[in-house]
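These are my notebook entries from a session with one structure, set down in the order in which I looked things up. The sequence and the model come before the entries.

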Amino acid sequence: MPTQTSAPATAQVPAPVAATILAAGLGRRLGGRPKAALQIGGRSLLERLVDALRAAGIEPIRIVLGPYTETLLPLAQRCGLQVLAHDRPETGLIDSQRLAIQAHLAPGQAQGRDRSPAPAQAQAPDLLLVLADLPWLQADHVRALLEHWQRRAAGIEAQMPLVAGVRGHPVLLSWQAVGQIAALRPDAGIRDWLKDHPGLIGPFISQQRAYITDLDTATDLAALEQAVWPEPVRWPAPWDPP
């Protein structure tokens with residue numbers, strides 16, 4: 001289990017948390033493939049991640065898609081996700097972050113899978129942003145983050161895992177922080193806001209490398225294949241290599 005820093009409990013009732021998965025990357029260093037579709041034992045990284053988030057009690061869950069919609073859109077729909085699609089073929093991380101934040105702030109954003117309207121007085125949800133290519137992230141990791149978030153000190157508006165000095169994912173943002181980021185200039189993202197507000201950040205100190213182990217390169221893929229063997233690690237058609 002992660003090693004957690006102690007934090008005084010706040011008096012407020014913890015806000016609910018909604019999540020958005022960022023899956024609009026091009027996967028260039030893996031030969032131009034949709035990383036979220038990579039399968040371990042026949043189940044995609046996206047399915048595994050959605051299961052982890054839902055098992056931790058997070059709902060609703062959105063996903064930001066860019067290229068590879070022919071593969072990722074049907075997969076996202078099978079997972080029951082709310083899809084946010086870019087309107088251009090190539091996008092950066094800031095573009096995905098801002099699309100996620102705009103959707104989170106939109107009227108009706110607190111609706112769940114059944115799309116029933118939230119009560120008029122319901123507290124606005126905080127936002128969990130997570131990359132789609134974290135193959136080791138499990139429900140226990142997400143629960144630990146949420147428990148620490150709910151016990152954060154007053155005035156903390158952002159939290160991310162910190163493993164051996166390396167920032168990881170998921171990132172948690174309060175409703176107030178989401179609004180402030182949305183008000184930034186169009187080319188600014190979450191990193192810019194974090195840089196300008198260091199006193200509002202509450203790191204989650206952990207030894208769990210699941211928070212910082214993503215899938216970017218062929219070396220990462222080879223390490224994953226070795227770690228899960230004999231389970232097969234495969235790309236779905238038409239992305240499977242010859």
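Entry on the cores. I began with the nonpolar interior of this predicted model, where the largest nonpolar core comprises 48 residues, and I noted I21, L46, L53, I58, L81 and L128 as those with the most contacts inside it. I then asked which elements give two or more residues to this core. I found that they are the strands β1 (17-23), β4 (61-65) and β6 (126-131) together with the helices α1 (45-55), α2 (69-78), α4 (139-150) and α7 (218-228). Apart from this core I found another, of 20 residues, with A24, V64, L129 and M160 among them.

I took L128 for a further look and, leaving aside its neighbours within four places in sequence, listed its contacts as V17, A18, A19, T20, L53, I58, V142, L146, P170, V171 and L172.

Entry on the whole chain. I counted seven helices and 12 strands in the protein, and I noted that buried residues make up 48% of its 242 residues. Of the contacts with a separation of 6 or more, 76% are between residues 24 or more positions apart. The protein exposes about 11,800 Å², and carbon and sulfur atoms supply 52% of that area.

Entry on confidence. The mean pLDDT of the protein is 87, with 86% of the residues at 70 or more. I marked residues 1-13, where the pLDDT is below 50 and where the model has 32 contacts beyond near neighbours in sequence. I also marked residues 110-121, over which pLDDT stays under 50 and for which I find 14 contacts beyond four places in sequence.

Entry on two open sheets. I looked up an open sheet of three strands in the order β3-β2-β12, whose pairing is antiparallel, and noted that β3 (43-44) and β12 (233-234) are its edge strands, each pairing on one side only. Strand β2 (residues 39-40) is joined to β3 over two bridges in the antiparallel sense, and within this region Q39 stands opposite S44 in β3.

I then turned to another open sheet of three strands, with the order β9-β8-β11 and mixed pairing. Here β9 (166-167) and β11 stand at the edges, and because each has a single partner strand, one side of each is left without a neighbour in the sheet. Strand β8 (residues 161-163) and β11 run parallel and are joined by three bridges, and I noted V163 opposite S206 in β11.

Entry on salt bridges. I found seven salt bridges in the structure and asked how many residues apart D216 and R29 are. Their side chains meet in a salt bridge at 3.5 Å, N to O, and the pair links distant parts of the chain, 187 residues apart, with D216 in the loop between β11 (204-206) and α7 and R29 in the loop between β1 and β2. R29 counts as exposed, at 57% relative accessibility, and a network of salt bridges links R29, K35, D133 and D216.

Two further pairs went into the notebook. The side chains of E59 and R54 meet at 2.9 Å, N to O, in a salt bridge, with E59 partly exposed at 30% relative accessibility and R54 partly exposed at 23%. D140 and R143 form a salt bridge at 2.6 Å, N to O, and both lie in helix α4, three residues apart, about one turn of the helix. D140 counts as partly exposed at 41% relative accessibility, as does R143 at 31%.

Entry on backbone geometry. I looked up the peptide bond from H169 to P170, which is cis with omega near 5 degrees, and placed P170 in the loop between β9 and β10 (171-173). The peptide bond from W229 to P230 is cis as well, with omega near 15 degrees, and P230 is found in the loop between α7 and β12.

I closed with positive phi values and asked whether Y68 is buried or exposed. Y68, in the loop between β4 and α2, has phi near 65 degrees, a positive value in a residue other than glycine, and its relative accessible area is 13%, which falls under the 20% limit, so I recorded Y68 as buried. A164, in the loop between β8 and β9, has a positive phi of about 50 degrees although it is not a glycine, and at 72% relative accessibility I entered A164 as exposed.

Notes
Residues are numbered from 1 along each chain as its sequence is written. This is a predicted model: local features need pLDDT of at least 70, side-chain atom pairs count only at pLDDT 80 or more; totals for chains, interfaces and linings use all residues. Side-chain values use heavy atoms; hydrogens and water are left out. Two strands pair if DSSP finds at least two bridges between them. Helices (H or I, at least four residues) and strands (E, at least two) are DSSP runs, numbered from the N terminus. A nonpolar core is a set of buried Ala, Val, Leu, Ile, Met, Phe, Trp, Tyr and Cys residues joined through side-chain atoms within 4.5 Å. Buried means under 20% relative accessible area, exposed over 50%, partly exposed in between (1.4 Å probe, protein chains only). Contact means heavy atoms within 4.5 Å. Accessible areas come from the Shrake-Rupley method with a 1.4 Å probe; for residues, only the protein chains shown count as cover. A salt bridge is a side-chain nitrogen of Lys or Arg within 4 Å of a carboxyl oxygen of Asp or Glu. pLDDT is the predictor's confidence in each residue, from 0 to 100.
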